[in-house]
Amino acid sequence: MTIRVLSIASEAVPLVKTGGLADVVGALPGAVVAHDVAMTTLLPGYPAVMAGLGKTKAIHSWPALLGEPARLLAGTIGGHRLMVLDAPGFFRREGGPYVDGAGRDWADNGLRFAAFSRAAADIASGAVRGETFDIAHAHDWQAAMAAAYLRFAPAGEAPPSLVTIHNMAFQGHYPRALFDQLDLPAEAWAINGVEYHGGVGFLKAGLEAAWAITTVSPTYAREIRSPEFGMGLDGLIRARAGQVHGIVNGIDAHDWNPAHDPHLAAPFTARTLGRRAANTAAIEAEFGLAPGTGPLFVVISRLTWQKGMDVLLQGLDHLVGCGARLALLGSGDKALEAGFVAAAGRHPGRIAVRIGYDEALSHRMQGGGDAILVPSRFEPCGLTQLYGLAYGCVPVVSRTGGLVDTVVDANLARSRRGLPPAYNSTR
Ligand code: ADP
């Protein structure tokens with residue numbers, strides 16, 4: 001029997017991406033189809049999504065969805081079903097999905113993603129003629145309120161809900177005043193409802209309401225039970241431990257395949273690994289690094305505290321002193337951006353930095369780098385180390401979260417922790 005799932009998310013490749021959430025949401029429908037799961041993805045109608053849509057059909061409308069007119073468009077994405085919530089008042093604006101052109105959060109983010117979640121709950125509970133779903137699967141805080149709407153105010157018969165935590169650090173907290181705009185019954189304002197420290201907690205509300213909770217690796221599922229990683233929600237996670245499951249992320253093996261990656265100077269396979277050298281040379285030339293002189297480390301990351309970028313920055317002079325080279329692609333914290341640019345200035349030919357976001361370049365770096373550094377302080381799963389594994393760019397990672405579950409440690413340190421000798425280095 002085919003299981004019909006509505007996957008509700010604020011981003012998905014190839015239409016809109018700010019991080020790993022988009023990669024996973026975009027890859028999921030193709031990954032589950034072999035298990036007889038038919039997944040429909042619901043996205044907000046940002047300009048990039050509207051521009052990237054092929055043929056669509058309007059299948060439903062809301063005269064006032066939390067105050068704004070909206071309609072639902074149905075189309076396809078990568079051969080799988082796609083629904084787009086076209087609510088111009090909430091989503092048709094230039095800037096990012098969550099921030100304006102200057103990098104500030106949109107002031108109405110709470111209302112925007114509540115409306116998105118309200119619409120998702122309507123769709124999942126049968127408001128759209130001819131559309132029925134067995135499971136509503138909400139990703140992260142931007143969609144988590146869908147589970148709360150299904151619990152407190154479904155449009156019809158509510159299917160079971162699943163909330164996936166891609167990063168516990170982002171929770172969607174808003175003042176009490178927002179509650180009055182959410183169109184939820186008074187009983188939702190409760191400690192086991194949407195209330196969180198006197199305000200509204202979107203992720204918290206979703207985790208309370210969901211039938212099941214998943215996160216993106218087994219280690220992170222354990223870590224978020226602790227105050228250090230649970231970010232205030234560890235008590236809730238402990239209380240719901242029986243419904244919390246860690247399932248490690250996968251990658252889209254079509255988009256991320258070095259054998260036929262259109263971005264690579266020289267596509268290669270495990271048998272033709274020698275061709276990789278041409279990709280390394282291309283990266284050296286592109287970044288202006290001294291060719292062939294020491295290991296070429298790459299970083300493709302948000303430049304933030306979570307990603308341990310401050311730690312890397314502190315160690316850079318030492319790393320270069322040991323003979324290493326570094327090519328970094330990223331953006332984020334302005335002080336970190338400036339720090340890396342300054343380090344490149346101190347070490348021309350050894351360190352080169354691109355501040356910005358460049359999908360094609362990220363592929364080329366995985367194809368040409370010797371090792372990818374992921375020094376995260378916490379990492380729910382992480383995807384760049386998985387791409388590194390697929391591309392022969394050896395991941396050098398912190399021992400945290402999904403990095404533990406996806407990167408096998410094969411050095412002496414492992415033997416010191418009493419792990420199987422089969423993995424020990426012979427040094
Ligand atoms: P997170 O979602 O926490 O940022 P992940 O490792 O799960 O971290 O996913 C990050 C995704 O974003 C990966 O696909 C990575 O290649 C991509 N990425 C991050 N920074 C950049 C950048 N500056 N340019 C291109 N891709 C980037």
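Here is a short walk through the salt bridges of this predicted model.

With a side-chain nitrogen of Lys or Arg required to lie within 4 Å of a carboxyl oxygen of Asp or Glu, the count comes to 17 salt bridges. Let us visit a few of them.

A good place to begin is D134, whose salt bridge with R4 brings the closest N and O atoms to 2.9 Å. D134 sits in the loop between α4 (109–124) and β6 (135–139), while R4 belongs to strand β1 (residues 3–8), so this pair ties together parts that are 130 residues apart in sequence. Both ends fall in the partly exposed class: D134 has a relative accessible area of 23%, and R4 has 35% relative accessibility.

Now look at E131, which meets R81 in another salt bridge, at 2.9 Å from N to O. E131 lies in the loop between α4 and β6 and R81 in strand β5 (residues 80–86), so here the parts tied together are 50 residues apart in sequence. E131 counts as buried because its relative accessibility is 11%, under the 20% limit. Its partner R81 is partly exposed, with a relative accessible area of 34%.

Next comes the pair D100 and R104, with 3.2 Å between the closest N and O atoms of their salt bridge. Which of these two residues is buried and which is exposed? D100, at 16% relative accessibility, counts as buried, whereas R104, at 55%, counts as exposed.

Finally, turn to K17, D23 and E359: a network of salt bridges links these three residues.

Note on methods:
Residues numbered from 1 in each chain as written. Predicted model: local features only at pLDDT ≥ 70, side-chain atom pairs only at ≥ 80, totals over all residues. Heavy atoms only, no water. Helix = DSSP H or I, 4+ residues; strand = E, 2+ residues; numbered from the N terminus. Buried < 20%, exposed > 50% of the residue type's maximum accessible area, 1.4 Å probe, protein only.
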